[in-house]
Amino acid sequence: MAGIRASGKSALSAWTAVAVLLLAGAAQAEPVSAAHAREALAAGAIAWDVRAPAAYAQGHLPGAVSARVDSLDLAALEALVSARGIDLSRGVVVYGLPGDEGAARLHARLESVSPGKVYWLVGGLEEWQLAGGKVSREVAVRAPVPQRLVVRDENERDLRMAAHALRRPHPFALWEVAGTR
């Protein structure tokens, strides 16, 4: 495959690599750009770095939690997100190496259990840096957040976590508060 010519040098952009992965069927998640990931993080999303701890130590998205995923089993995933303080009721930006299939699989799994929006930064840290994003070497430590993950029915968009209904006001809550019941 011929590369794209940029300033006389052969270069294959991160987005071209994404397109190749998508066309090849290797990626199963919707990719987001570094700009979209930056917006999600500014709105309170948590960055989740799935790369090896040594790669994380060399640099990562500011505030990113390092958590390798060994199993997508619901109980193992529940224990991991709870222990690492990854609150799935907030948005989560998952990233790894560019085109990381493990990050894509995690994204797909989280989509089935997370009450918050889940994003996959398909270009990983490299795309983040190419877009001018800052890199941190500070280890992000978050307080544990106990969670109970529940796989939601594909036809039911609202039920994603057992406690979801507790955070959502009852449709008649105003009537009950006002005493007009």
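## A parallel sheet and the pocket beside it

Asp-49 stands opposite Tyr-95 in β6, and this pair of residues offers a way into the sheet of this predicted model. The protein chain contains 8 helices and 7 strands, and of its 181 residues 37% count as buried. Among the contacts in the protein chain with a separation of 6 or more, 67% are accounted for by residues 24 or more positions apart.

**Sheet order and edges**

- An open sheet is formed by 5 strands in the order β3-β7-β6-β4-β5, and the pairing is parallel.
- At the edges stand β3 (31–32) and β5 (65–66), each of which has a single partner strand, so one side of each is left without a neighbour in the sheet.
- Helix α5, which covers residues 101–111, packs on the sheet and touches β4, β6 and β7 (118–121), and the direction of the helix makes about 170° with that of β7.
- As general background, the strands of a sheet pair through backbone hydrogen bonds, in either a parallel or an antiparallel sense.

**Strand β4 and its two partners**

- Strand β4 (residues 46–49) pairs with strand β6 (residues 92–95) in the parallel sense over 4 bridges, and within this pairing Ala-47 stands opposite Val-93, while Asp-49 faces Tyr-95.
- With β5, strand β4 pairs in the parallel sense over 2 bridges, and there the bridge partner of Asp-49 is Ser-66, so that Asp-49 has a counterpart in β5 as well as one in β6.
- Both faces of β4 are covered, with Ile-46 and Trp-48 on one side, Ala-47 and Asp-49 on the other, and all of these residues buried.

**Strand β7 and its two partners**

- β6 and β7 pair in the parallel sense over 4 bridges, and Val-92 stands opposite Val-118 in β7.
- β3 and β7 run parallel and are joined by 2 bridges, with Leu-121 of β7 as the bridge partner of Val-32.
- From β7, Val-118 and Trp-120 point one way and Tyr-119 and Leu-121 the other way, and all are buried; Val-118 and Leu-121 thus appear both in this list and in the bridge pairs with Val-92 and Val-32.

**Leu-80 in helix α4**

- Leu-80 lies in helix α4, which spans residues 74–84, and it counts as buried because its relative accessibility is 17%, where the cut-off for buried is under 20%.
- Not counting residues up to four places away in sequence, Leu-80 touches Trp-48, Ala-67, Arg-68 and Val-69; of these, Trp-48 is one of the buried residues of β4.
- Leu-80 and Arg-68 are 12 residues apart along the chain, and their C-alpha atoms are separated by 9.0 Å.

**The largest pocket**

- About 170 Å³ of space lies in the largest pocket, whose lining is made up of Val-50, Arg-68, Val-69, Asp-70, Ser-71, Leu-72, Asp-100, Gly-102, Ala-103, Arg-105 and Leu-106.
- By class, this lining has 5 nonpolar, 2 polar and 4 charged residues.
- Arg-68 and Val-69, which belong to the lining, are also among the residues that Leu-80 touches.
- Gly-102, Ala-103, Arg-105 and Leu-106, also among the lining residues, fall within helix α5 (residues 101–111), the helix that packs on the sheet.

How values were computed. Residues are numbered from 1 along each chain as its sequence is written. This is a predicted model: local features need pLDDT of at least 70, side-chain atom pairs count only at pLDDT 80 or more; totals for chains, interfaces and linings use all residues. Side-chain values use heavy atoms; hydrogens and water are left out. Two strands pair if DSSP finds at least two bridges between them. Contact means heavy atoms within 4.5 Å. Axes are lines fitted to C-alpha atoms, for helices over the stretch in contact, and angles run from 0 to 180 degrees between N-to-C directions. On a 1 Å grid over the protein atoms alone, a cavity is a set of points where a 1.4 Å probe fits but cannot get out, and a pocket is an open set with protein on both sides within 12 Å along at least five of seven lines; lining residues have an atom within 4 Å of a point. Grid points are joined across faces, edges and corners, and a volume is the space filled by probe spheres set on the points. Ala, Val, Leu, Ile, Met, Phe, Trp, Tyr, Cys and Pro count as nonpolar, Asp, Glu, Lys and Arg as charged, and the others, Gly among them, as polar. Buried means under 20% relative accessible area, exposed over 50%, partly exposed in between (1.4 Å probe, protein chains only).
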